[in-house]
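Reader: I would like a close look at a single helix of this protein, with attention to how its residues are placed around its axis. Please take me through it step by step.

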Amino acid sequence: MRSIWNGAISFGLVSIPIKLVNATENHSISFRQIHLADGGRIRYRKVCEIDEQEVSAGEIGKAYEEADGSMIPITDEDLGSLPLPTAKTIEIVAFVPAASIDPLQMDAAYYLSANGVPAAKPYTLLREALKRSQKVALAKYALRGRERLGMLRVVDDVIAMHGLLWPDEIRSPEGVAPETEVTVRDAELDLADALMDTLGEVDMDSLHDDYREAVEELIAAKADGRTLEPAGADDSGGKVIDLIAALESSVRAAKEARGEEPEAEAAADAPVAEVTSLSGRKKSGGTGAKKKATAATKKKAAAKKPASGRAPAKKTAARSTKKSAGRTGAGTAAKKTTAKADPKPAAKKAAPRKRASA
């Protein structure tokens, strides 16, 4: 890897000569602008707006534009004469826990390579000290005409440096969060936890850029004169959906992607089963309550309904007999015995009924 900067790490009174190399590379596919009529390449030319003449790179300098539009020329010599102690030095200013660095500050990443044999010993000393302390080093350095903030940490057996944005370069998130009050139910959180557990972990090396691969396939097809079938558009965006149903579907889809049986796993999965039973209990509880209310209403209506005919009278008599039996058990038993011993009153009552019918 080609170095982009040579200097030294200042570690107290220890100076470690190092070379700075890029730790990342860009795999994005770049395009050129062309003239649609004839396919000719479109190029940008740098033209002076005063004499409208094209100028070369050697004729171009730097200037600061003021509010009124006037230009103040700044040369490389002017910048080089500034008292910048970090011009060729990565100056370590503190050692802090890695958790104290906000990921929002992370910028470009570099590898620091020991520059020469004499640098191997102090380089290894700093690396092992960072390992044992489980901390990272905060440092200042200058690159591409400006002073920057960096974080040094150990990656395998190499010291890596992440460029950091200055704290005042991080915007406040005020006004970004939803302004409306939203209540999240425990059932929804349980399903979200179940989905997180189902998705589990991933091997970072298995992740790749699907879009870039599709663009490469498109370019290869056009070069061969082939036509690719257009991919189906996903029209799920922007729809208002049931959050619980979406979470449950996501859990099932994640389990199917992992080769698991969704139905068998749902019974063993406590959060999902709990949420499903909660919704089931609400529905069944409401139906049972309605049935009980209907039965009670019917009983009340039957009690209030006026007696008509002999059958209701018998029912009323039976109910009154039962009530009197409940109040005076012994007296009722005595009356029943008397009625059995003397059947004449019953016979007298039966006779008029026969005459009436005759």
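Author: What follows is a walk along one helix, with two shorter stops elsewhere for context. The model is predicted, and the helix chosen is H5, which comprises residues 243-257. With its 15 residues, H5 reaches 21 Å from its first C-alpha to its last, which is close to the 21 Å expected at 1.5 Å a residue. The buried residues of H5 are Ile-244, Leu-247, Val-251, Ala-254 and Lys-255, and because they cover an arc of only 100 degrees around the axis, they sit on the same side of H5. An α-helix has 3.6 residues a turn, so residues three or four places apart point the same way. On the face of H5 turned away from its buried side are the exposed residues Glu-256 and Ala-257. After H5 comes Gly-259, whose phi is positive, near 80 degrees.

A buried residue is also found in helix H3, which covers residues 186-199 and contains Thr-198. Thr-198 has a relative accessible area of 5% and is therefore buried, the cut-off being under 20%. A polar atom of the Thr-198 side chain lies 2.7 Å from the backbone oxygen of Ala-194.

The last stop is on the surface, where Tyr-64, Ile-72, Ile-74, Leu-79 and Leu-82 make a nonpolar patch of about 450 Å². Of these, Ile-72 belongs to strand E4, residues 71-74, and at 34% relative accessibility Ile-72 counts as partly exposed.

Conventions:
Residues are numbered from 1 along each chain as its sequence is written. This is a predicted model: local features need pLDDT of at least 70, side-chain atom pairs count only at pLDDT 80 or more; totals for chains, interfaces and linings use all residues. Side-chain values use heavy atoms; hydrogens and water are left out. Helices (H or I, at least four residues) and strands (E, at least two) are DSSP runs, numbered from the N terminus. The expected span of a helix is 1.5 Å times one less than its number of residues. Buried means under 20% relative accessible area, exposed over 50%, partly exposed in between (1.4 Å probe, protein chains only). The arc is that of the directions from the helix axis to the C-beta atoms. Patches are made of residues with over 30% relative accessible area and no salt bridge: like charges are joined within 9 Å, nonpolar side chains (Val, Leu, Ile, Met, Phe, Trp, Tyr) within 5 Å. Accessible areas come from the Shrake-Rupley method with a 1.4 Å probe; for residues, only the protein chains shown count as cover. A salt bridge is a side-chain nitrogen of Lys or Arg within 4 Å of a carboxyl oxygen of Asp or Glu. A polar contact is a pair of N or O atoms within 3.5 Å; within protein, one must be able to donate a hydrogen and the other to accept it, and residues adjacent in sequence count only if both atoms are side-chain atoms.
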